[in-house]
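Reader: I'd like a close look at one part of this model, the strand at the middle of things. Could you walk me through what sits beside it and what packs on it?

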Amino acid sequence: MTTQYTEIPHNWNEVRNLVETDFRRIVSIITGSGKLFFYDTCSFIKHANLHDDEVGFFVDYYKKQDVHIVVTRCVIMELASLSGNLNKEYVRFFGRLKSAGLETIVLNEENLFDILSVCFSNNKTVNSYLSWSVRMMQNPVSTITETLKRDDLLYDELISGAKLDASDIYRRFFASVRGRKEASDNLGEELIGICTHVLSHLPGVKDGKLCVVTEDKEAAAKIGSLINRTNKQYRGARIVIYSTPKLTQCMYHDHMELSEQNIVRILSHGSNANITVIGTTIYDLAVNDKISMTCEELARKIMEPNGINIVF
């Protein structure tokens with residue numbers, strides 16, 4: 001089936017009342033004390049397709065940790081790319097979160113300008129955070145790079161740092177890159193990296209408030225590189241990156257009553273192959289990025305005292 005992208009899925013009415021799109025409420029959530037978990041497309045799909053019992057563990061853990069879910073507009077586009085509709089399991093997942101009292105933000109990336117403008121009165125300051133993020137996220141071959149090559153004004157503003165007083169840079173940049181979205185281009189993850197990096201500069205945002213949930217090691221590495229390559233004065237609060245195995249270990253150690261069967265079902269969903277994680281076992285002297293185990297072996301390691309420490 002041909003991949004197609006639409007910013008508003010055809011069945012959006014089925015989701016509209018399950019998610020938060022009101023700007024004032026979004027600002028309140030983002031500037032509040034709760035954690036923000038940005039889901040990438042693969043993790044959203046994985047968790048939406050879990051058995052109800054396993055979804056319940058994530059829901060209970062998120063409530064306990066005061067988590068708010070964030071799904072960006074680009075991720076919505078990717079979720080609806082096959083038919084123009086959000087699959088019924090995605091709608092059901094949104095509904096499960098809503099019924100549990102968890103708030104899910106659908107964030108239009110360009111609204112970051114208005115969110116930061118609540119706290120910063122100077123356009124140049126707000127735009128400089130986007131400029132740094134885009135510079136650090138650029139790759140030789142990417143949708144972002146291709147967009148900037150074709151738009152001299154955006155290139156001058158975001159890469160050269162010229163004319164940063166404009167109030168529409170965020171709108172033009174995010175609209176342009178979403179308009180060039182292509183299959184398998186990692187744009188969703190890259191824009192999540194930019195969004196979290198920009199929001200990390202909001203006053204009062206503490207280390208660990210902004211989190212990314214992704215199964216993609218390459219995407220995690222890009223976001224980590226974005227943070228590490230940024231000059232210290234533009235770095236902001238520390239961002240936490242979770243894979244599903246890492247989240248599962250956190251839930252188990254938080255006494256969420258996960259059984260070995262529950263853990264295996266979470267880890268194995270969507271894959272029959274071994275799982276490779278980054279972390280340390282009792283015999284490792286340094287972080288090992290190629291710890292490969294079956295789902296059953298990894299589940300037992302998670303449950304063993306000092307069995308494994310999953311970094312990603």
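Author: Two strands count as paired when DSSP finds at least two bridges between them. With that in hand, and bearing in mind that this is a predicted model, let's take strand β1, residues 35-39.

Start with its partners. On one hand there's β2 (residues 67-72), joined to β1 by 4 bridges and running parallel to it. K35 of β1 stands opposite V67 in β2. On the other hand there's β4 (residues 210-213), again parallel and again joined to β1 by 4 bridges. Here L36 has L210 of β4 opposite it, and Y39 has V213 in β4 as its bridge partner.

Now zoom out to the sheet. It's an open one of 5 strands, in the order β3-β2-β1-β4-β5, with parallel pairing. The edges belong to β3 (104-107) and β5 (240-242); each has a single partner strand, so one side of each is left without a neighbour in the sheet. Ignoring direction, neighbouring strands here are turned by 25 degrees against each other on average.

What about cover? Of the 5 residues in β1, 4 are buried, so to speak of the strand as mostly covered is fair, with buried meaning under 20% relative accessible area. Helix α11 lies across β1, along with β2 and β4, and runs at about 165 degrees to β1.

That helix also turns up in the nonpolar core. The largest such core has 99 residues, and those with the most contacts inside it are Y62, I144, Y170, F173 and I194. The largest share of this core, 7 residues, comes from α11 (residues 187-199). As a general matter, nonpolar side chains in soluble globular proteins tend to be buried together.

Y62 brings us right back to the strand we started from. Setting aside neighbours within four places in sequence, Y62 is in contact with F37, Y39, H47, V67, I69, L102 and L247. Two names on that list are already familiar: Y39, the bridge partner of V213, and V67, which stands opposite K35.

For a contrast elsewhere in the model, look at the open sheet of 3 strands ordered β7-β6-β8, where the pairing is antiparallel. Its edge strands are β7 (288-293) and β8 (308-310), each with a single partner, so one side of each has no neighbour in the sheet. The twist there averages 60 degrees from one strand to the next. Helix α15 (residues 295-303) packs on that sheet, touching β6, β7 and β8, and its direction makes about 100 degrees with that of β8.

Conventions: Residues numbered from 1 in each chain as written. Predicted model: local features only at pLDDT ≥ 70, side-chain atom pairs only at ≥ 80, totals over all residues. Heavy atoms only, no water. Core = buried A, V, L, I, M, F, W, Y, C linked by side-chain atoms within 4.5 Å. Buried < 20%, exposed > 50% of the residue type's maximum accessible area, 1.4 Å probe, protein only. Contact = heavy atoms within 4.5 Å. Axes fitted to C-alpha atoms, helices over the stretch in contact; angles between N-to-C directions.
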